Amino acid sequence: MTMISQDVVSRENDRRLADLKSDYQHLGAQLARRGVDIDAVKRKVAAYAVAVPSWGVGTGGTRFARFPGEGEPRNIFDKLEDCAVIQELTRATPTVSLHIPWDKVADLKELKERGDALGLGFDAMNSNTFSDAPQQEHSYKFGSLSHANAATRQQAVEHNLECIAIGNALGSKALTVWIGDGTNFPGQANFTKSFERYLDAMKAIYKELPEDWRLFTEHKMYEPAFYSTVVQDWGSNYLIAQELGPKAYCLVDLGHHAPNVNIEMIVARLIQFRKLGGFHFNDSKYGDDDLDTGSIDPYRLFLVFNELVDAEVRKAEGFAPAHMLDQSHNVTDPIESLMRSAMEVCRAYAQGLIVDRAALLGYQDGNDALMASETLKAGFRTDVEPILAMARLDSGGAIDPVATYRAAGYRAKVTRERPAVASGGGGIV
């Protein structure tokens, strides 16, 4: 079952194939002079995968307003169809990460079968205790896993256990936990007691984790709580992973840090101490903006992947990070933004792969700061687009995914099929 006609894909690819072959051959000759095998890089890029967030295919919003887009998905089954489009054209997004209760269904078997039919698997499950669900007994307005009320904490624990059960039925192997718990005023809560309650609740969740699962905890400096958050930085996140046990890892969201924080160094530290669980890729200008990956600071994205490639090359112990996009799309077609973002993480990976590691190490050991920096920039400055496009082509995808998507008329088609959604209030999703 395909969402985009293969005739359209073939026609669009045929228009671009001659130019791609010429560009690929030219880049291959350039890289060969550096001792890099372009085909080997292409194979690694083709094998790379990043998960798509189910909520990402809907139009986002701000604290002030949300402006629905045309043909928005009405439920998880519509979301899966949109995710399948991204995978069919980019060949880099074979899995979908679900959010409960937003994606909850009565028949998990039907959901699994739909995913299988569309060629999609299910990545990490995401729980939601940062907003209240309909008919929920206890509110999360003043916290969830760290709430002063034991019954509220237990409710949050049980919700996470439900997410594990749903994920088990779908073939997922991980649970991601992010909480909005925190304070807006000094003195509103006791920092130590809040963190103790959080750890106790997380231990109850961790205890029920299947043997072959991993637990990812996510830190966030601020929002929705603006004075303090319970899991506010990577240090707290690392302490949590250490306290919980060997199946607990830290998840790094690129937008969840103070401006100018050295995120690539955080990544290196977590790799070094075997606690890097994975990523939520996005970009930011000011804070947790959830902008398209690579749209603001592509060099920072490259520097993160430089650390990942370094760990891959030296076979760092316990290195197996999960990769997922996590974005909010307010002014673009979400499918187009997610396709572009998937291609941007592939680009950063390819650029990291062509860095001359031996030369870099020599300059580092020789304290040659300028040439060490230039060696990295040589990888970043290289236009690796022909590698990405050829990897997509070889895998049955589109040379130019966005152009092919537009030529297929998918957005117009689903706009006719899906009822328009009235403009609503605020909220990022």
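## Strand 7 and its neighbours

Strand 5 (residues 174-177) runs parallel to strand 7, and four bridges hold the pairing. In this predicted model, Ala-174 is the residue that stands opposite Arg-214 of strand 7. Strand 7 also has a partner in strand 9 (residues 248-253), again in the parallel sense and over four bridges. Here Thr-217 has Cys-250 of strand 9 as its bridge partner.

How covered is strand 7? Strand 7 spans residues 214-218, and four of those five residues are buried, so-called "mostly covered". Arg-214 has a further role in the picture: its charged end sits over the ring of Tyr-249, 5.5 Å from the ring's centre. A similar arrangement involves Lys-247, which lies over the face of Tyr-206 at 5.5 Å from the ring centre.

## A salt bridge between two loops

The model contains 29 salt bridges. One of them joins Asp-212 to Lys-173, with the closest N and O atoms 2.5 Å apart. Asp-212 belongs to the loop between helix 6 (191-207) and strand 7, while Lys-173 belongs to the loop between helix 5 (150-170) and strand 5, so this salt bridge ties together parts that are 39 residues apart in sequence.

Are these two residues buried, partly exposed or exposed? Asp-212 has a relative accessible area of 47%, so it is partly exposed. Lys-173 is partly exposed as well, with a value of 44%.

## The open three-stranded sheet

Let us turn to another sheet. Three strands make up an open sheet in the order 1-2-3, with parallel pairing. Strand 1 (52-53) and strand 3 (121-122) are the edge strands, each pairing on one side only.

Strand 1 and strand 2 (residues 95-97) run parallel and are joined by two bridges. Which residue of strand 2 is the bridge partner of Val-52? That partner is Val-96.

## Helix 14 and what covers it

Helix 14 (residues 401-408) has four named buried residues: Pro-401, Val-402, Thr-404 and Tyr-405. Looking down the axis of helix 14, you will find these buried residues within an arc of 165 degrees, so they line one face of the helix. The elements that cover them include helix 1 (6-33), helix 3 (76-90), helix 10 (334-353), helix 13 (385-394) and helix 15 (410-417). After helix 14 comes Gly-409, which has a positive phi near 70 degrees.

Helix 14 also takes part in a salt bridge: the side chains of Arg-406 and Glu-336 meet at 2.7 Å, N to O. Arg-406 lies in helix 14 and Glu-336 in helix 10, so the pair ties together parts that are 70 residues apart in sequence. The two partners are not alike in exposure: Arg-406 counts as exposed at 58% relative accessibility, whereas Glu-336 is buried at 13%.

## More salt bridges

Helix 10 has a link to helix 13 too. Glu-385 and Arg-347 form a salt bridge through their side chains (2.9 Å, N to O). Glu-385 sits in helix 13 and Arg-347 in helix 10, 38 residues apart, and the pair thus links distant parts of the chain. Which of the two is buried and which is partly exposed? Arg-347 counts as buried, because its relative accessibility is 15% and the buried class covers values under 20%. Glu-385, at 23%, is partly exposed.

Elsewhere, salt bridges with shared partners join six residues into one network: Arg-74, Asp-78, Glu-81, Asp-82, Arg-114 and Arg-418.

## Aromatic pairs and a cluster

How many aromatic pairs does the structure hold? The count is 15. One of them is formed by Tyr-238 and Phe-273, an edge-to-face pair with 6.3 Å from centre to centre and 70 degrees between the planes. Tyr-238 is in helix 7 (residues 234-244) and Phe-273 is in the loop between helix 8 (263-272) and strand 10 (276-281), so the pair links parts of the chain that are 35 residues apart.

Both of these residues are partly exposed: Tyr-238 has a relative accessible area of 21%, and Phe-273 has 44%. Aromatic residues also gather in a cluster, made up of Tyr-48, Phe-279, Phe-281, Phe-305 and Tyr-349.

Methods:
Residues are numbered from 1 along each chain as its sequence is written. This is a predicted model: local features need pLDDT of at least 70, side-chain atom pairs count only at pLDDT 80 or more; totals for chains, interfaces and linings use all residues. Side-chain values use heavy atoms; hydrogens and water are left out. Rings of Phe, Tyr and Trp (its six-membered ring) pair if their centres lie within 6.5 Å; planes under 30 degrees apart count as stacked, over 60 as edge-to-face and the rest as tilted. Buried means under 20% relative accessible area, exposed over 50%, partly exposed in between (1.4 Å probe, protein chains only). A charge sits over a ring if NZ of Lys or CZ of Arg is within 6 Å of the ring centre and within 35 degrees of the ring normal. Two strands pair if DSSP finds at least two bridges between them. The arc is that of the directions from the helix axis to the C-beta atoms. Contact means heavy atoms within 4.5 Å. A salt bridge is a side-chain nitrogen of Lys or Arg within 4 Å of a carboxyl oxygen of Asp or Glu.
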